[in-house]
Amino acid sequence: MVRTLAVPLATMLGLLGFIAAGEVQTYRRAVAISDAVGLTLAVQDLVHELQRERGLTNGLLGGEARYRSDVDNQRPRVNTARAALDALTADHNIPGVAVVLTASDLLDDLGTVRRNVDAGGADRPATFDYYTNAIDALGGLNIGANESEDSILLRDLDALQSLGDAKEAAAKERGFLNGVFAAGKFSAGEYARFADIRGAKRAALTQFARHATDAQQARLDAALRSTAATRASGHEEAAIAASDGRPVSVDSRVWWDAMTGLVDDLRGVQQSVGVEAQARTADLRTRAATELVVLLVLAVLVSAALAGEAMLLISSARSITAPLADLAREADEVASRRLPEAVARIQAAPDNQLPPAPVVVPARAAAEISQVAQAFGRVQQVAYELATEQAVVRRNTTESLANLGHRNQNLLRRQLSFISQLERDESDPTALANLFELDHLATRMRRNAESLLVLVGETSPRRWATPLPVADVIRAAIAEVEDYRRVELRRIDNAYVTGGMVSDLAHMIAELVENGLAFSPPELDVEIYGQWIGTKYLVAVLDQGVGMTDEDLARANARLRGEESFLIGPARFLGHYVVGRLASELGASVQLACSPVTGVTARLVLPPGVVSASSEQIQPEPQANSLEQEGAERPHTAPQSDAPRHPVSAMAVAPGFPWLVDPANGTTPTPYPTRGNPTTPVSGIDGSNGAAPGSDRTRSGLVKRTPRAQVTVRKPLGPAPGTDGAATELQPAEVRTMLSAFRAGTQRGESRSSTSASTTQGNEGGSQ
């Protein structure tokens, strides 16, 4: 509320201050104009006295000795007027003081001129010009009184100026003809000057008529029709008649008295106009002062009202903001702690949970704030009920998905068992290949069903009691992807996986390999490496696909770390959520990083509890129930060497593995041992697992079969823990793994035969 009213209050105060500043400026201007008008009148007083002294002096220099006493009496009057003007110009705050001082400096030689006149050595025209120049400088000053915005005052000032010019012309004519009449005639060039003076007087009177009021014009007309003005007009006619140089018989004293009367009358009219201008300035000054006082009183009243209003606003704001602050803290408590805790309890156990505490209405709260608090309480209740419903829906959905997954698992287990039976009974290679493809599709379907169980938090029904080699687990994972022919196993360090974690690890590797195959060109392979990193084991899946941007890698790794729920993520990333859930259960870490050239490398680091250097270091788990064992798939286990499998201290960095460097901390995994640490032989890669001629296994580690015979038993690779070493019946999964390797070898042979035949035909065609 305070902020809302602050703008209009500030606007009002600003407007009031602007008006007050304007009124103060108006008052100051009125005072300055009043002072300027007073200074103008003082200048005119001095000009009037100088005009009289100029005329008397000019008559004295013309030879009229009767003016001697008049000149002596006039000089003190000039000195008195000049002293009054000097007193006013002492105040430099009055407008126009500088120009008045400059003009009055022309009178500095007045004493010298007077002495020359008294000595009888002064030139009459030069003396007349000296007085005229000083009078013109003082009479033509722009003191600043005309800067007023009042039209009445401006009109009075213009009339005053015009009348001053007319009076100056009349005084100049008086003094000029006084000398001519004293001499008895016009000398050379004097008549032309007389004509100029007389023309200036008429022009000034015309200009006065434009600005003067009716009363002012009437006073001027009365002065121009007076007896003295009539006699002076007759003497002017006599002077005009003597323009050809003839003698003029006019008594200079009579002329002087007549013109003096006219000039004095003009002076009276000028003083009346000056009084009117001064009265107008005083009125403007009084009005400005009154408006300023009224405005100041109004400003005080408004300030007091604003101060009272501000106090009321502050009091009202406090009565509103305090309950609002309490309500805000209560709402924050609901949003940040109470409601999330209640939702978390519902999601953990939806049944029999107490709702969160209701929203407390602040004390001394107004009705509106109480309504807001009640609305917050309803929002909390609705959110709690919605969370309860969502928790129930999520639990029912999870149970439904888990039930559906188990059903699919049972059906697929039965389907795989039936397909395995058909494979054992079939001897036709084409039909056997088709059965294998069907078997492979069912295996992939089983992995998808297991992914569903993983996402809803169920465990896989496939469990092993004995540890299995890492290479066999990787082969089992490869058997669950679509384009398994494009997967190459490179160097795999010997290691054993805990039996209870075999299925989860194979599922993780299968998802990572499937992802690499999906984003790689069809002519390029996906490579798998396995290596010890101290006490941990690294499985790297390297593809040569299009790669990922840094932003996409960051989001993918976040999904692999379990930082995002699969319920809010896109469906195409379900594999990431499955791998992240399995990695969390195994305590493993999964990270995607860019490969050195192109593509992406998936780094799966297994903790010591999952892998071990030898099977003896892993405690066998209890035997799984018959249903799980029947549907379990055991990957083929190649013959193993009796040499030690744990990395020894003498290490040499194996070439070709720069992508195994941990991008997080820059550490390099423990390299392969140069000797004394054999790795798991991988068929079809380095040929290190070649079988001796006449043995019962192929070079790929598969059991040799007699055509059209059904294999039911196999020679054990070694006594399993808890058994007496007796022969056991092959499981369907083992037969399927062997057939997969067999079919892959057949296809490679056919491909090489086709390539060799094409080369031979080409060579023969070239030799012909």
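## Overall architecture

In which helix does Leu-15 lie? In this predicted model, Leu-15 belongs to helix H1, which covers residues 2-61. The protein as a whole comprises 18 helices and eleven strands, and buried residues account for 44% of its 768 residues. Among the contacts with a separation of 6 or more, 76% are between residues 24 or more positions apart.

The exposed surface of the protein comes to about 38,600 Å², of which carbon and sulfur atoms supply 56%.

## Helix H1: a surface patch and a buried asparagine

Leu-15, in helix H1, joins Phe-18 and Ile-19 in making a nonpolar surface patch of about 330 Å².

Helix H1 also holds Asn-58, and this residue counts as buried because its relative accessibility is 3%, where the cut-off for burial is under 20%. Leaving out residues up to four places away in sequence, Asn-58 touches Arg-124, Phe-128, Gly-175, Phe-176 and Gly-179.

## Nonpolar cores

The largest nonpolar core contains 53 residues, and those with the most contacts inside it are Ile-528, Tyr-537, Leu-604 and Leu-606. Helix H14 (residues 502-518) contributes the largest share of this core, namely nine residues. A second core, separate from this one, has 42 residues, including Ala-159, Leu-163, Ala-223 and Leu-262.

Tyr-537 is in contact, beyond its neighbours within four places in sequence, with a set of residues that includes Leu-604 and Leu-606, both also listed with Tyr-537 among the residues with the most contacts inside the largest core. Its other partners include Val-470, Ile-492, Asp-493 and Ala-495, as well as Gly-530, Gln-531, Trp-532, Val-605 and Val-611.

## Strand S4 and its partners

Strand S4 (residues 526-533) is mostly covered, with seven of its eight residues buried. Strand S4 pairs with strand S2 (residues 487-493) in the parallel sense over four bridges, and within this pairing Glu-488 stands opposite Glu-527. With strand S5 (residues 536-542), by contrast, strand S4 runs antiparallel, and seven bridges join the two.

In the pairing of S4 and S5, Ile-528 faces Val-541 of S5; Ile-528 is also one of the residues with the most contacts inside the largest nonpolar core. S4 and S5 form a hairpin with two residues between them, and Gly-534 in the turn has a positive phi of about 65°.

## A three-stranded open sheet

Three strands form an open sheet in the order S1-S3-S8, with antiparallel pairing. Its edge strands are S1 (468-469) and S8 (611-612), each of which pairs on one side only. Strand S3 (residues 496-497) pairs with S8 over two bridges, and Tyr-496 stands opposite Ser-612 in S8.

## Packing of helix H15

Which residues of helix H15 are buried? In this helix, which spans residues 550-560, they are Leu-553, Ala-556, Asn-557, Ala-558, Arg-559 and Leu-560. These buried residues pack against helix H16 (574-586) and against two strands, S6 (589-594) and S7 (600-606). Just after H15, Gly-562 takes a positive phi of about 80°.

Terms used
Residues are numbered from 1 along each chain as its sequence is written. This is a predicted model: local features need pLDDT of at least 70, side-chain atom pairs count only at pLDDT 80 or more; totals for chains, interfaces and linings use all residues. Side-chain values use heavy atoms; hydrogens and water are left out. Buried means under 20% relative accessible area, exposed over 50%, partly exposed in between (1.4 Å probe, protein chains only). Contact means heavy atoms within 4.5 Å. Accessible areas come from the Shrake-Rupley method with a 1.4 Å probe; for residues, only the protein chains shown count as cover. Patches are made of residues with over 30% relative accessible area and no salt bridge: like charges are joined within 9 Å, nonpolar side chains (Val, Leu, Ile, Met, Phe, Trp, Tyr) within 5 Å. A salt bridge is a side-chain nitrogen of Lys or Arg within 4 Å of a carboxyl oxygen of Asp or Glu. Two strands pair if DSSP finds at least two bridges between them. A nonpolar core is a set of buried Ala, Val, Leu, Ile, Met, Phe, Trp, Tyr and Cys residues joined through side-chain atoms within 4.5 Å.
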